[in-house]
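The following report describes a protein chain from its overall composition down to selected local contacts. The sequence and the model are shown first.

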Amino acid sequence: MKSETDFFDQATIIVRAGNGGNGAATFRREKYVPRGGPNGGDGGRGGHVYLIADPEYNTLLHFRYQRKFVAENGGHGGKNAMHGRNGADVYVPVPPGTVVRTTIDGVTYSVDLARPGQRLLAARGGRGGLGNIHFATSTRQAPRLAELGEPGQELTLELELKMLADVGLIGFPNAGKSTLLSVISAARPKIAAYPFTTLTPNLGIVEVGLQRFVVADIPGLIEGAHAGVGLGHDFLRHVERTRLLIHIIDAAGVDGRKPWEDYEQINTELRLYQPELAQRKQVVALNKADLPAAQENLPILRARLPVAPEDIFVISAATGSGIEPLLQRVAELLRTDPPPQRDPVDPDEPPLQWPLPPVDENAFTIEREGDGFRVRGIKIERLIAMSNLDQDEAIDRIQRVLEASGINEALIAAGVQDGDIVRIGRAELVWDDSGRHAL
């Protein structure tokens with residue numbers, strides 16, 4: 001079990017936007033206005049739920065204690081064309097580098113909040129219902145029709161934090177990564193001689209002269225990690241955003257493995273997980289040089305490793321020998337390969353949205369369901385959701401839309417019979433041969 005101080009890099013949360021407010025069906029009632037007309041105002045929009053990349057956060061730990069975020073509903077419309085108050089939006093902070101995924105209509109979508117200040121419109125608030133002032137015509141001067149507010153979106157979000165470290169320490173368990181990180185930075189990872197000592201990534205800030213960079217101790221890999229063996233996927237995804245890798249090898253082979261085979265196996269796992277990772281710049285640290293077995297293996301390692309001599313360093317994390325030249329080389333490589341420049345997010349920059357494919361809101365489908373038919377379509381289902389089915393004028397409006405949109409004609413073509421149930425959203429309508437529907 002992770003402690004509360006552990007790196008918390010995955011979370012599942014629920015976001016629910018606010019419902020739109022209802023429109024009002026009111027009329028002017030003034031002493032000296034004999035023909036007061038409709039004056040019902042519109043409902044307010046429901047509050048949105050945004051995710052925002054906040055550099056004040058570096059883990060997803062805060063989602064351990066709160067997993068549901070609900071925005072405010074919109075206010076109802078009032079008389080005298082008074083518009084209902086919009087619901088307050090909710091902003092949920094996440095660390096930069098958080099990938100957000102959700103499934104909508106069976107399709108999974110993903111958005112990357114990499115830049116501080118980036119926002120994602122995670123759940124959209126429902127639009128407010130129209131008041132009866134909008135339904136007045138020359139032939140219907142006193143409409144009692146007003147829309148209900150549209151329900152707000154509710155989605156389950158999967159969050160995954162991919163660390164934004166400059167340097168990643170990779171290697172087999174017990175190669176000495178945690179020890180090295182504790183020597184070169186103020187980080188104090190747990191250190192012990194057994195597999196999977198590091199169960200979560202540890203971060204440390206390293207200073208070389210006036211240069212500073214972030215080093216991540218990536219948990220040790222084992223054979224089959226690319227396929228999820230052990231904690232493989234949990235480990236490998238943290239390597240993806242590092243600019244440089246320090247590949248630490250137990251040169252003494254204290255676990256009975258051959259050090260040069262360790263090097264090949266780790267790079268194989270990187271390549272199988274994501275081919276471009278195997279091409280990322282690596283500096284090799286031959287660790288445990290204070291042990292006699294390491295000294296015996298050094299000539300073999302230098303001959304077998306396909307690494308330039310200037311990128312191979314013999315070190316002892318336990319005694320500190322050889323570490324300074326290693327850090328100098330890392331600092332030099334980082335200077336010559338600066339991080340990609342990301343333009344600051346303008347506060348007026350529009351928020352990101354789910355990359356949904358364009359759809360025709362007027363499109364609909366009809367399928368058999370039980371003792372009748374089910375009609376599906378964005379526009380018609382929204383109309384049902386925002387209609388007060390207790391109002392006769394609302395039912396008349398639905399009838400007109402069903403006829404004008406071609407749904408009635410499509411139902412006839414599908415074989416609808418007198419008395420069949422036609423389901424649209426929450427409504428169940430009874431078909432009769434005149435084309436009229438009753439609840």
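Against which elements do the buried residues of α7 pack? The model is predicted, and in it the buried residues of α7 pack against β16, α8 (392-404), α9 (407-414), β17 (421-424) and β18 (427-431). Helix α7 itself spans residues 378-385, and its buried residues are I380, R382, L383 and I384.

**Overall composition**

The chain contains nine helices and 19 strands. Of its 439 residues, 49% are buried. Among the contacts with a separation of 6 or more, 71% join residues that are 24 or more positions apart. The accessible surface amounts to about 22,000 Å², and carbon and sulfur atoms account for 51% of this area.

**Nonpolar cores**

In soluble globular proteins, nonpolar side chains tend to be buried together. The largest nonpolar core of this chain comprises 27 residues, and V15, L51, F63, L157, L159 and W354 have the most contacts inside it. Two or more residues of this core come from each of β1, β2, β4, β5 (98-104), β6 (107-113), β7 (119-123) and β8 (154-161). Strand β8 provides the largest share, four residues.

L159 illustrates the contacts made in this region. Leaving aside residues up to four places away in sequence, L159 touches D9, Q10, A11, I13, L51, L60, F63, V94, T98, V99 and V100. Both L51 and F63 in this list also belong to the residues with the most contacts inside the core. Another core, of 25 residues, lies apart from the largest one and includes L169, F213, L244 and L333.

**Aromatic pairs**

A pair of aromatic rings is described by the distance of the centres and the angle of the planes. The search of the whole structure yields two such pairs, listed below.

| Pair | Geometry | Centre to centre | Angle between planes |
|---|---|---|---|
| Y50 and Y91 | stacked | 5.0 Å | 10° |
| F63 and F69 | edge-to-face | 5.9 Å | 85° |

The stacked pair links distant parts of the chain: Y50 belongs to strand β2 (residues 49-53) and Y91 to strand β4 (residues 90-94), with their positions 41 residues apart in sequence numbering. Y50 has a relative accessible area of 8% and is therefore buried, whereas Y91, at 44%, counts as partly exposed. Y50 has a further neighbour, as R119 lies over the face of its ring at 5.6 Å from the ring centre.

In the edge-to-face pair, F63 is buried with a relative accessible area of 0%. F69 is likewise buried, with a value of 10%.

**A buried glycine in a loop**

G43 is located in the loop between β1 (10-16) and β2. Is G43 buried or exposed? Its relative accessibility is 4%, so G43 counts as buried. The contacts of G43, not counting residues up to four places away in sequence, are with G21, N22, G23, G75, H76, G77, H83, G84, G128 and G129. In addition, the C-alpha atom of G43 is separated by 6.5 Å from that of L130, although the two residues are 87 residues apart along the chain.

**Positive phi values**

Most residues other than glycine have a negative phi. Which residue of the loop between β3 (68-70) and β4 is considered here? The residue is A81, and its phi is positive, near 60°. A81 counts as partly exposed, at 41% relative accessibility.

K288 is not a glycine either, and has a positive phi of about 65°. This lysine is placed in the loop between β13 (282-287) and α5 (292-304). With a relative accessibility of 17%, K288 falls under the 20% limit and therefore counts as buried.

**The hairpin of β15 and β16**

Strands β15 (residues 365-369) and β16 (residues 372-376) pair in the antiparallel sense, over five bridges. Within this pairing, E367 stands opposite R374 in β16. Two residues lie between the strands of the hairpin, and G370 takes a positive phi near 60°. Strand β16 is also one of the elements against which the buried residues of α7 pack.

Technical notes: Residues numbered from 1 in each chain as written. Predicted model: local features only at pLDDT ≥ 70, side-chain atom pairs only at ≥ 80, totals over all residues. Heavy atoms only, no water. Phe/Tyr/Trp six-rings, centres within 6.5 Å; stacked < 30°, edge-to-face > 60°. Buried < 20%, exposed > 50% of the residue type's maximum accessible area, 1.4 Å probe, protein only. Lys NZ or Arg CZ within 6 Å of the ring centre and 35° of its normal. Contact = heavy atoms within 4.5 Å. Pairing = 2+ DSSP bridges. Core = buried A, V, L, I, M, F, W, Y, C linked by side-chain atoms within 4.5 Å. Areas by Shrake-Rupley, 256 points an atom, 1.4 Å probe, with all protein chains shown as cover.
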